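Reader: I have just opened this structure and would like to understand the words people use for it. Could you take me through them, with reasons?

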Amino acid sequence: MKSKRKIIPILLVLVLFCCSCGMENIAGEAVKSEQIVEELTVEDSTIENSATEESEEMPAIVFFLNVELYWYKRDEDTNKPLFLISFFDNQGNLYSSRDSYFNEMTYKEIYDEFAGGKLNDYLTLVTTCELDELRENYELLKSVAENEELRLVPDRYIAPDGHPDVEGDANYWWSAFYYNEDGNLTWIEFRTQSNYPYGITYRADDERTDQIYEWLVSVSETWK
């Protein structure tokens with residue numbers, strides 16, 4: 001009987017010890033679960049914020065000027081540069097190039113190769129602009145692009161020799177890349193000029209594009 005009495009307290013102690021260990025394990029697992037939930041929540045928020053910030057950034061190329069040279073001599077020399085291109089990147093750098101490499105390329109192909117770092121051997125850094133000013137005009141351009149009825153209208157007559165830095169009879173296109181409301185890369189043309197045969201400039205019927213144009217010209221005469 002005495003041995004049985006001694007065994008009972010020992011069993012009670014063992015039961016209590018096992019219960020306490022079990023509770024600690026359960027509590028520990030609960031804390032770990034809460035930590036995992038918190039980490040997932042923070043990670044999701046970071047991804048969402050990053051996506052939002054990315055959509056608000058300017059594209060790799062912002063403003064783009066394309067000057068078509070020798071439009072009437074396309075078949076005479078395929079190795080001759082047919083275009084002078086100039087563009088602002090999203091860091092405020094203004095590049096230009098006159099190379100036959102661009103003869104058959106579209107704006108989007110130029111954009112993709114520049115974004116991929118493949119045009120370094122073809123570009124010349126002309127100057128830089130204030131990043132705040134670039135961003136201000138980029139936002140202005142985006143607000144203009146929201147007008148679905150935007151169109152190009154005749155502006156004024158330009159003498160054929162109005163661009164002394166390039167050959168006569170050239171055609172000019174002022175355009176820009178931007179991210180639309182859905183975050184998709186989009187392109188817009190807001191000014192054109194044909195020096196042949198009449199030298200007429202067509203501008204977007206929105207005074208804000210005139211502000212953008214005047215700013216572009218203030219940075220580089222090439223854009224005039």
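Author: Gladly. Let us start with helix α2 in this predicted model. Its buried residues are covered by elements that include β1, β2, β3, β6 and β7.

Reader: Which residues of α2 are the buried ones?

Author: They are Tyr107, Ile110, Tyr111 and Phe114.

Reader: What makes you say that these buried residues line one face of the helix?

Author: Looking down the axis of α2, the buried residues fall within an arc of 100 degrees, so they line one face. Just past the helix comes Gly117, whose phi is positive, near 70 degrees.

Reader: How do you know that Asp112 and Lys108 form a salt bridge?

Author: The rule asks for a side-chain nitrogen of Lys or Arg within 4 Å of a carboxyl oxygen of Asp or Glu. Asp112 and Lys108 have their N and O at 2.8 Å, so the pair meets the rule. The two residues are four apart in helix α2, which means about one helical turn separates them.

Reader: Why are Asp112 and Lys108 called partly exposed?

Author: Partly exposed covers the range between under 20% and over 50% relative accessible area. Asp112 has 38% and Lys108 has 41%, so both count as partly exposed.

Reader: What other salt bridges are there, and how many does the rule give?

Author: The count comes to five. One of them joins Arg135 and Asp132, with the closest N and O atoms 3.6 Å apart. These two both lie in helix α3, three residues apart, about one turn of the helix. Another joins Asp210 and Arg203, where the closest N and O atoms are 2.8 Å apart. As a general point, side chains of opposite charge can pair when their charged atoms come close.

Reader: Are the partners in those two bridges buried, exposed or partly exposed?

Author: Arg135 is partly exposed at 35%, whereas Asp132, at 60%, is exposed. Asp210 is partly exposed at 25%. Arg203 has 15%, and buried means under 20%, so Arg203 is called buried.

Reader: Why is the pair of Tyr101 and Phe102 called edge-to-face?

Author: Ring planes over 60 degrees apart count as edge-to-face, provided that the centres lie within 6.5 Å. For Tyr101 and Phe102 the angle is 85 degrees and the centres are 5.5 Å apart, so the name fits. Tyr101 is partly exposed, with a relative accessible area of 30%, while Phe102 is buried, at 2%.

Reader: And what makes Tyr172 and Trp174 a stacked pair?

Author: Here the planes are 20 degrees apart, with 6.0 Å from centre to centre. Stacked is the word for planes under 30 degrees apart, so this pair qualifies. Tyr172 is buried, and Trp174 is buried too. The structure holds 16 aromatic pairs. Ring pairs also link Phe64, Phe87, Tyr95, Tyr107, Phe114 and Trp187 into a cluster.

Reader: How do you know that the charge of Arg191 sits over the ring of Trp174?

Author: The charged end of Arg191 is 5.5 Å from the centre of that ring, and the distance cut-off is within 6 Å. Arg191 also lies over the face of Tyr213, at 3.7 Å from the ring centre.

Reader: Why is Asn93 called buried?

Author: Asn93 has a relative accessible area of 17%, which is under 20%, so buried is the right word. This residue is found in strand β3. Beyond its neighbours within four places in sequence, Asn93 is in contact with Phe87, Phe88, Leu125, Thr127 and Thr128.

Reader: Which residues touch the most other members of the largest nonpolar core?

Author: Phe63, Phe88 and Phe190 do, in a core of 45 residues. The elements that give two or more residues to this core include β1, β2, β3, α2 and α3, and also β6, β7 and α4.

Reader: How many helices and strands does the protein chain have?

Author: There are four helices and eight strands. From the N terminus on, they run α-β-β-β-α-β-α-β-β-β-β-α. Of the 224 residues of the chain, 33% count as buried.

Notes. Residues are numbered from 1 along each chain as its sequence is written. This is a predicted model: local features need pLDDT of at least 70, side-chain atom pairs count only at pLDDT 80 or more; totals for chains, interfaces and linings use all residues. Side-chain values use heavy atoms; hydrogens and water are left out. A nonpolar core is a set of buried Ala, Val, Leu, Ile, Met, Phe, Trp, Tyr and Cys residues joined through side-chain atoms within 4.5 Å. Buried means under 20% relative accessible area, exposed over 50%, partly exposed in between (1.4 Å probe, protein chains only). A charge sits over a ring if NZ of Lys or CZ of Arg is within 6 Å of the ring centre and within 35 degrees of the ring normal. Contact means heavy atoms within 4.5 Å. The arc is that of the directions from the helix axis to the C-beta atoms.
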